[in-house]
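Colleague: Could we go through this complex together? I would like to start with the interface.

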Amino acid sequence: MAKKRLLSLERKKSVYGVLFISPWIIGFLLLMAVPLYQSIRFSFSELTINASGYSLEYVGWANFNKAFFVDTWFNRSLTEAVTKMLLNVPLIIFFSLFTATLLSQKFRGRMLTRSIIFLPVVMASGVIAGLDGSNYLASMMGEAANDMEGNYTGLSGFDLIPFLLDAGMSRSIVFYFAEAVDRIYQIVTSSGVQILIFLAGIQSISPSLYEASKMEGATGYESFWKITFPMMTPLILTNTVYSIVDSFYKNNVTNYIKDIAFRQLNFGLSSAMSWAYFVLISIILLISTTIISKRVFYYD
Amino acid sequence: MKAATPNRGASAAATVREWNSTYRPVDKVKNVLWVIARSFLLFGICFIIIYPILSKLSIAFKDRGDIFDSTIVWIPRHFTMDNIYKAIELLDYFEAVTNTFILSAGTAVLQVISCALAGYGFARLKFKGSGIVFALVVFTIVIPPQTIMAPTYLHFRFFDVFGLYGLFTGKPGVNLLESYWPFFISSATAMGMKNGLYIYIFRQFFRGLPKELEEAAYVDGAGILKSFFKVMLPNAIPAMATVALFSFVWQWNDDYFTNLYMANSVVLSKMLYILPSNLLAIRDEYSYVSLLINTATLLAIAPIFLLYLFAQRYFVESVERTGLVG
């Protein structure tokens with residue numbers, strides 16, 4: 001009797017499960033699966049819009065051919081986007097883990113600091129970031145400020161580079177970090193969500209682990225590498241995926257793809273480009289997740 | 001004499017050890033140094049974030065002549081509101097803000113509902129193949145919107161649910177562009193911007209709630225629906241607040257979808273997008289154009305900034321309890 005009732009609850013649950021997810025399923029079919037299929041069809045065809053909708057004409061691989069071998073901008077902006085991502089994502093992960101560790105400690109003014117650091121989550125996206133990038137006045141004033149600092153303090157990044165090179169550090173590492181310093185605003189503003197995720201993760205680590213390690217005589221540095229870091233590895237995976245997806249969400253390539261579709265009205269070529277773009281992102285995600293997930297530590 | 005020295009030395013060492021263990025000078029210095037280093041770093045990070053906003057604010061009140069005066073850094077000499085009035089006029093500010101607010105609030109409410117339902121379904125109401133379906137949700141996070149951009153655009157241009165409308169009326173479909181419907185439809189079906197992420201947040205949150213909550217509700221005779229609405233949702237307010245804030249703000253800031261579906265409507269991101277060319281048509285002077293773009297950007301983020309000012313306390317606290325993680 002009891003078993004029967006349990007079974008029926010389980011069945012009820014699964015029925016309700018489908019019911020709860022049904023809006024998503026409708027959305028997925030209507031706004032994801034169908035467009036995906038159509039987009040594949042577009043990428044192999046020439047699309048013309050007419051009064052009663054649109055018509056397709058099959059052209060084979062011509063659109064892909066055009067995107068990679070005829071178009072002058074596509075390859076170039078694609079490599080640019082990938083290089084930018086490869087440079088920025090490790091820095092974003094490092095920076096956000098570091099900041100989250102700092103923010104998880106108790107100090108005066110913690111609320112204020114947190115709310116300032118989460119400000120980029122709500123501010124720096126979309127059109128505002130775009131306008132800032134192209135803002136003539138802002139860049140002019142930024143340059144002026146740089147000049148002033150360079151003249152009066154002698155602490156600008158340019159003076160540090162020869163110093164580090166003289167100290168015998170590898171050229172590529174020095175320039176990597178010097179460029180990172182120049183892009184610090186970009187890195188800080190694009191790591192808001194990652195800090196959020198790391199912070200929530202650090203706060204969910206049981207304090208008894210830290211107490212035990214303190215009893216055993218571990219320093220703060222040791223307990224970071226032996227407790228915090230291994231517990232954060234699953235989140236490093238999550239955050240790496242998020243950062244990669246985020247960095248490919250809006251850049252020159254996406255703008256170019258959009259322009260091809262809505263300025264030149266070449267929907268076929270634009271679909272072909274976007275599919276090539278998607279395949280590239282998937283490959284990068286696959287490689288990076290397999291590399292990281294081998295080193296991920298799961299507590300339970 | 002010789003026998004006494006090590007003895008005295010030992011007692012001195014003991015005193016030093018005792019003094020060390022009561023006052024711990026090394027630990028204290030370490031601690032103070034760490035506090036200084038930490039404050040320094042955090043102040044630096046905050047400065048990087050705050051600086052552009054402050055400089056925008058200062059420029060917004062500057063007269064045109066003040067920009068090129070190198071003796072003026074922060075406080076404008078000729079204080080003026082002209083930039084702000086001009087920017088409000090050019091942006092059609094109040095209408096744009098109202099429209100953007102309707103759009104963002106509508107999508108936020110719909111997305112919270114649809115994503116909470118889906119998240120709960122994935123977390124607690126397991127059915128056959130729900131793992132595979134969830135993998136599809138993750139897949140929607142990864143896929144770039146450009147890949148389905150052209151078909152979705154045409155889809156909303158000739159809107160039709162599985163060909164049913166065309167079957168009954170014989171027309172090619174309804175044109176939904178230049179209205180809020182593309183956004184509302186995709187939000188209600190949890191297919192809007194970054195909705196895969198929101199479903200993920202809700203799923204993680206519901207998984208983190210204790211199972212006993214539901215079981216107690218079931219024992220007391222509540223059905224699945226009732227226990228969801230009366231027990232689980234009130235407990236999920238932190239997650240709902242986080243998702244609502246994210247979706248409101250990201251919709252507000254979005255220019256990609258807005259310029260795609262509502263290319264000729266008066267919404268904020270659209271007005272900002274066309275502002276530079278509009279300005280250049282009025283006056284062909286780059287410094288003036290930049291000055292007004294600066295002010296307009298400030299005006300556009302002002303509502304979000306005010307919202308964050310009131311909501312941040314709740315938001316930051318809720319992050320701690322949301323458990324965005326697995």
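Modeller: The following exchange covers the interface and then the domains. This is a predicted model in which local features need pLDDT of at least 70 and side-chain atom pairs count only at pLDDT 80 or more, while totals for chains, interfaces and linings use all residues. Residues are numbered from 1 along each chain as its sequence is written, chains are lettered from A and ligands numbered from 1 in the order in which they are written, and side-chain values use heavy atoms, without hydrogens and water.

Colleague: How many residues does each chain bring to the contact?

Modeller: Chain A brings 91 residues and chain B 99 residues, with contact meaning heavy atoms within 4.5 Å.

Colleague: What area do chain A and chain B bury between them?

Modeller: About 8,700 Å², 81% of it on carbon and sulfur atoms; buried area is the accessible area (1.4 Å probe) lost by two parts on being put together, summed over both. Phe20(A), Trp24(A) and Leu31(A) supply 10% of what chain A buries against chain B, more than any other three residues.

Colleague: Which residues form the salt bridge?

Modeller: The rule finds 1 across this interface: Lys194(B) with Asp246(A), their closest N and O atoms 3.6 Å apart. The criterion is a side-chain nitrogen of Lys or Arg within 4 Å of a carboxyl oxygen of Asp or Glu.

Colleague: Changing topic, what domains does chain B have?

Modeller: The assignment, automatic or from a database, gives domain 1 (4–49) and domain 2 (82–322). The centres of these two domains of chain B, taken over C-alpha atoms, are 51 Å apart.
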